[in-house]
Amino acid sequence: MFTGTFEPKLDDKGRVFLPAKIREDMGEQLVLTKGQDRCIYVYPVETFNERAQSIISAPTSSKQVRNWRRVFMASAFQEAPDRQGRISLPAELRSYAGLGRQLTVIGVGDHAEIWNSEAWEEVLTVEDDSFSDTNEEIFPGMF
């Protein structure tokens, strides 16, 4: 399970050092794709394949399904960490997520997300109140 917050830096070649905790749970190969909210989703290959199967199973009679499927699948890149634990972030994904040198990598349960650090701070600022206000209806049995 992916948890925690890490703050690696993007190098001049568009690579990022994935934290060991994240890397260990990813395995030998991982998939990067556009995430909602202008971040990059990072999946273990098996989890990505499960998600892809769900997406493929959705009814293509829905224009929203077709478009979401196109964006999600067309922006997917399979990567393998190098010996130092770095992965290359494709320019298309770096641009989409507005990545600069300062990054934030967060664990989100079944995947990790790579954020522009400033954008992540904004999300935290805005969402802190809604986090505090979350109730039983959203997560039954949690509170």
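Which residue in strand 7 is the bridge partner of Phe6? I looked this up before anything else, and the partner in strand 7 is Val105.

**Entry 1. Basis of the notes**

I am working from a predicted model, in which local features need pLDDT of at least 70 and side-chain atom pairs count only at pLDDT 80 or more, while totals for chains, interfaces and linings use all residues. Residues are numbered from 1 along each chain as its sequence is written, and side-chain values use heavy atoms, with hydrogens and water left out. I take helices (H or I, at least four residues) and strands (E, at least two) as DSSP runs numbered from the N terminus.

**Entry 2. The sheet**

I traced an open sheet of 6 strands in the order 1-7-8-4-3-5, with antiparallel pairing. Strand 1 (5-6) and strand 5 (77-79) stand at the edges with a single partner strand each, so one side of each lacks a neighbour in the sheet. I count two strands as paired if DSSP finds at least two bridges between them. As a reminder to myself, strands of a sheet pair through backbone hydrogen bonds, either parallel or antiparallel.

At one edge, I find strand 1 joined to strand 7 (residues 103-107) by 2 bridges, in the antiparallel sense. I also noted that helix 2 packs on the sheet and touches strand 3, strand 4 and strand 5. The direction of helix 2 makes about 105° with that of strand 4. Contact here means heavy atoms within 4.5 Å.

At the other edge, strand 3 and strand 5 pair in the antiparallel sense over 3 bridges. I looked up Leu32 and found that its bridge partner in strand 5 is Phe77.

**Entry 3. Strand 4 and its neighbours**

Is strand 4 buried or exposed? I use buried for under 20% relative accessible area, exposed for over 50% and partly exposed for anything in between (1.4 Å probe, protein chains only). In strand 4 (residues 39-44), 6 of the 6 residues are buried, so the strand is largely enclosed by the rest of the structure. I checked both faces: Cys39, Tyr41 and Tyr43 are buried on one side, and Ile40, Val42 and Pro44 are buried on the other.

Strand 3 (residues 30-35) runs antiparallel to strand 4 and is joined to it by 6 bridges. Within this pair, I find Leu30 opposite Pro44. Strand 3 is also largely enclosed by the rest of the structure, because 5 of its 6 residues are buried.

Strand 4 also pairs with strand 8 (residues 112-116), antiparallel and over 3 bridges. Here Tyr41 stands opposite Glu113.

**Entry 4. The hairpin turn**

I looked next at the hairpin that strand 3 and strand 4 form, with 3 residues between them. Most residues other than glycine have a negative phi. Asp37 has a positive phi of about 70° although it is not a glycine. Arg38, in the loop between strand 3 and strand 4, is not a glycine either, and has a positive phi of about 65°. Asp37 counts as exposed, at 62% relative accessibility.

**Entry 5. Helix 2 against helix 3**

How do the axes of helix 2 (residues 45-57) and helix 3 (residues 63-74) cross, and at roughly what angle? They come within 10 Å and cross at roughly 155°. That makes helix 2 roughly antiparallel to helix 3. My axes are lines fitted to C-alpha atoms, for helices over the stretch in contact, and angles run from 0 to 180 degrees between N-to-C directions. Angles over 145 degrees count as roughly antiparallel, under 35 as roughly parallel, 65 to 115 as roughly perpendicular and the rest as oblique.

I listed the residues that meet: Phe48, Ala52, Ile55 and Ile56 from helix 2, and Trp68, Arg69, Phe72 and Met73 from helix 3. By class, this contact has 7 nonpolar, no polar and 1 charged residues. Ala, Val, Leu, Ile, Met, Phe, Trp, Tyr, Cys and Pro count as nonpolar, Asp, Glu, Lys and Arg as charged, and the others, Gly among them, as polar.

**Entry 6. Two buried residues**

Phe48 lies in helix 2 and counts as buried at 7% relative accessibility. Leaving aside neighbours within four places in sequence, I find Phe48 in contact with Val31, Thr33, Tyr43, Phe72, Met73 and Ala76.

His111 lies in the loop between strand 7 and strand 8 and is buried, with a relative accessible area of 6%. Beyond neighbours within four places in sequence, the contacts of His111 are Phe2, Tyr41, Val42, Tyr43 and Ile106. I also noted that His111 and Ile22 are 89 residues apart in sequence and 9.0 Å apart in space, C-alpha to C-alpha.
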